[in-house]
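Q: Could you take a close look at the part of this model where metal is held, and describe how that part is built and how it sits in the chain? A connected account, with the criteria behind each term, would be most useful.

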Amino acid sequence: MHAAHLRSFFPCIGRTLETILPGSCALCHDESHNALCVACSLQFFANIPARCEICARRMPHPHTKMCGTCLRTPPAFDATIVACDYAAPADVLVQDLKFRARLPLAQTFGQMLANVMRKQLASPPEMIIPVPLAEARLAQRGFNQAGEIARSVSRHTDIPLQMRACVRVRDTQPQAGLPLTERQVNMRGAFTLRLNASVRDQHVLLVDDVMTTGHTLNELAACLKRQGARRVTNAVFARTPEK
Ligand SMILES: [Zn+2]
Ligand SMILES: [Zn+2]
């Protein structure tokens, strides 16, 4: 695949940030007008493997639509799309965004997700809601990485963004610090919808940076369904592969 082909694959790379944020590629550090250069985007993100349509777990056969877990116990969300696995080098990029505030990466992640959505979603969502951070963590970090990615998805799809529709009512322990078995309990009752935000009969797109067990997204999707959401699709930049 040539660079020109890649540009048609990620049509806005090379335009949005080109004029305002000249800098270097976050991976190879070569000069690049985008957070990722064309060669790195091509090498690491052009391949889209077969995944479960509901939870985006990798599937061994491209013709199987759902994994056994989703068949046995369907989650509250209806579909998940991801841009890549949470593995090298995407893990470093996520950490650069989250802990080193490299915000142009959120633009790139959102653009990648918008492209995957165009290819994989039969019916487009009607509103975008980012997974919220707890207020204390938001104050400490200064931004919500999921919100920044959601802003970019909204810009590239023209789907309206409801940045503050959902709030975390409990400041749960960070999921990353917990054993997998404790994560579901940790998330229970963690979210609520603001009174003036209506999701009734809507197809909602939930945006996050990383999906590991899916418990956070499941809890949020359950909250939206209780409030009448018709369908919930997750758009996550990177999914942790199965061990
Ligand atoms: Zn590069
Ligand atoms: Zn699944």
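A: **The two zinc sites and their setting**

Cys-37 counts as buried because its relative accessible area is 11%, where buried means under 20%, exposed over 50% and partly exposed anything in between, computed with a 1.4 Å probe on protein chains only. The model is a predicted one, in which local features need pLDDT of at least 70 and side-chain atom pairs count only at pLDDT 80 or more, while totals for chains, interfaces and linings use all residues. Residues are numbered from 1 along each chain as its sequence is written, chains are lettered from A and ligands numbered from 1 in the order in which they are written, and side-chain values use heavy atoms, with hydrogens and water left out.

Cys-37 belongs to the site of the zinc ion (ligand 1), whose protein donors are Cys-25 (SG), Cys-28 (SG), Cys-37 (SG) and Cys-40 (SG), at 2.3 to 2.4 Å from the ion; a donor is an N, O or S atom within 2.8 Å of the metal, or 3.2 Å for Na, K and Ca, and sites may look incomplete since water is not among the atoms. Cys-40, like Cys-37, is buried, with a relative accessible area of 6%. Along the chain, the donors of ligand 1 are spaced as C-x2-C-x8-C-x2-C. The angles among the four donor atoms run from 105 to 115 degrees, and the site of ligand 1 is tetrahedral, a label given to four donors if all angles lie between 85 and 135 degrees. For comparison, the ideal angle for four tetrahedral donors is 109.5 degrees.

The zinc ion (ligand 2) is held by Cys-52 (SG), Cys-55 (SG), Cys-67 (SG) and Cys-70 (SG), at 2.3 Å. The site of ligand 2 is likewise tetrahedral, with angles of 105 to 115 degrees among its four donor atoms, and its donors follow the spacing C-x2-C-x11-C-x2-C. Within this set, Cys-55 and Cys-70 link distant parts of the chain, being 15 residues apart: Cys-55 is in the loop between helix H2 (38–45) and helix H3 (68–72), and Cys-70 is in helix H3. Helices (H or I, at least four residues) and strands (E, at least two) are DSSP runs numbered from the N terminus. Both ends of this link are buried, Cys-55 at 4% relative accessibility and Cys-70 with a relative accessible area of 3%.

A further cysteine, Cys-84, lies in strand E3 and is buried, with a relative accessible area of 7%. Its C-alpha atom is separated by 9.1 Å from that of Ala-46, which is 38 residues away along the chain. Not counting residues up to four places away in sequence, Cys-84 touches Phe-45, Arg-51, Ala-90, Phe-237, Ala-238 and Arg-239, contact meaning heavy atoms within 4.5 Å.

Elsewhere, Ser-152 in helix H7 (residues 145–157) is buried, with a relative accessible area of 1%. Leaving aside neighbours within four places in sequence, Ser-152 is in contact with Ala-106, Gln-107, Gly-110 and Gln-111.

As for the wider setting, the protein chain comes to nine helices and eight strands, and 49% of its 243 residues count as buried. Of the contacts in the chain with a separation of 6 or more, 70% are accounted for by residues 24 or more positions apart.

Key:
Tetrahedral: all angles 85-135°; square planar, octahedral: opposite > 155°, others 65-115°.
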